[in-house]
Amino acid sequence: MSHSYPDHVSIVDVSPRDGLQNESMTVPTAIKQTLIDDLIAAGIKKLEVTSFVSPKWVPQMGDNSALLEALAPTRHAEVCYSVLVPNMRGFDNAIIHRPDEIVIFGSASETFSQKNINCSIDESIERFAPVAAAAKAQGIKVRGVISCTVGCPYEGEIDPSQVAYVTKRLIEIGSEQIGIADTIGVGTPLKVQRALQAALEYADITMLSGHFHDTYGQALSNTLAALQMGVSEFDTSVAGLGGCPYAKGATGNVATEDVVYMLHGMGISTGIDLDKLVVAGERISAFLGRPNGSNVARTLINKRES
């Protein structure tokens, strides 16, 4: 079977935000800044740096303004600094720092939407509409991410028609990119392809990105399945950091190192230096006092030490 894979894949490292948001220990701003600097030095061109949510809900992101201020003097023009914004109050706080992109997030699961952001899917879209409009008016890119596109901790399997519906709504309010997220990592390749196929009713393939968690060890298989459909952007997290605070038992995002190793082995360019990426993951893992969650990184570190 021959597939025409993309020649180049864009990697969005979400570790500074999604990776750290539910760490129990407070990660100091300077450590987050080092992580971001390390990722950029490794060739990452797009990252989720923080979120402008209430610190009551996500205390780890309470230093959002301080972090963006710390990054400001060395901001790289060719790097896209994304921030997650849940509402207009978050947007007003974020806009001071001129992020390159704002990320809004809906869910393909009604129950998850209620438990995660205390409102229905439709209400969440209505809440994001003014945010997207305000961003576009300021020339800032808007990305919509859809959580629980293949499975939900409360509802189980999710019908692809739900993915199509949320894609349509997010595009209507101004999303230029749509992230298809397997928030709890229950997806398998054909389910992921069905979710992507549903999104394609309203979005072009170039607008879609994949966000796969490795809870059941399926994230690389799901990445490959998305690549086969022509998806060329993926959210990953260095050292496999992060889970979802509202999804019990959901382990981390897929490790950036593992995805980059696979892509390079397939002859697909990423612009990323794998050795430097391993250093970035090693440094943050050491700070957190835990083993590196990337198989590739652990192997390369062991080889280096032997």
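**A nonpolar core and its setting**

In this predicted model, the largest nonpolar core gathers 91 residues, and those with the most contacts inside it are Leu47, Ile102, Ile104, Ile180 and Leu277. Helix 6, which covers residues 121-137, supplies the largest share of this core, with 7 residues.

Leu277 offers a good place to look more closely. Leaving aside residues up to four places away in sequence, Leu277 touches Leu39, Ala42, Ile44, Val238, Thr256, Glu257, Val260 and Ile272. Its partners thus named include Thr256 and Glu257 as well as Leu39, Ala42 and Ile44.

Stepping back to the whole chain, the fold is built with 12 helices and 10 strands. The radius of gyration is 18 Å, close to the 19 Å given by the globule rule for 306 residues, so the chain is as compact as a globular protein of that length. Along the principal axes, the C-alpha trace spans about 55 × 50 × 35 Å.

Contacts across the sequence round out this picture. Of the contacts between residues at least 6 apart in sequence, 73% join residues at least 24 apart. Buried residues account for 56% of the 306 residues in the chain.

Turning to the outside, the accessible surface of the chain amounts to about 12,400 Å², and carbon and sulfur atoms contribute 52% of that area. As for charge, the chain carries 24 positive and 34 negative charges, and the mean positions of these two sets lie 3 Å apart.

Notes:
Residues numbered from 1 in each chain as written. Predicted model: local features only at pLDDT ≥ 70, side-chain atom pairs only at ≥ 80, totals over all residues. Heavy atoms only, no water. Helix = DSSP H or I, 4+ residues; strand = E, 2+ residues; numbered from the N terminus. Rg over C-alpha atoms; globule rule 2.2 N^0.38 Å. Buried < 20%, exposed > 50% of the residue type's maximum accessible area, 1.4 Å probe, protein only. Contact = heavy atoms within 4.5 Å. Areas by Shrake-Rupley, 256 points an atom, 1.4 Å probe, with all protein chains shown as cover. Lys, Arg positive; Asp, Glu negative; His and termini not counted. Charge placed at Lys NZ, Arg CZ, Asp CG, Glu CD. Core = buried A, V, L, I, M, F, W, Y, C linked by side-chain atoms within 4.5 Å.
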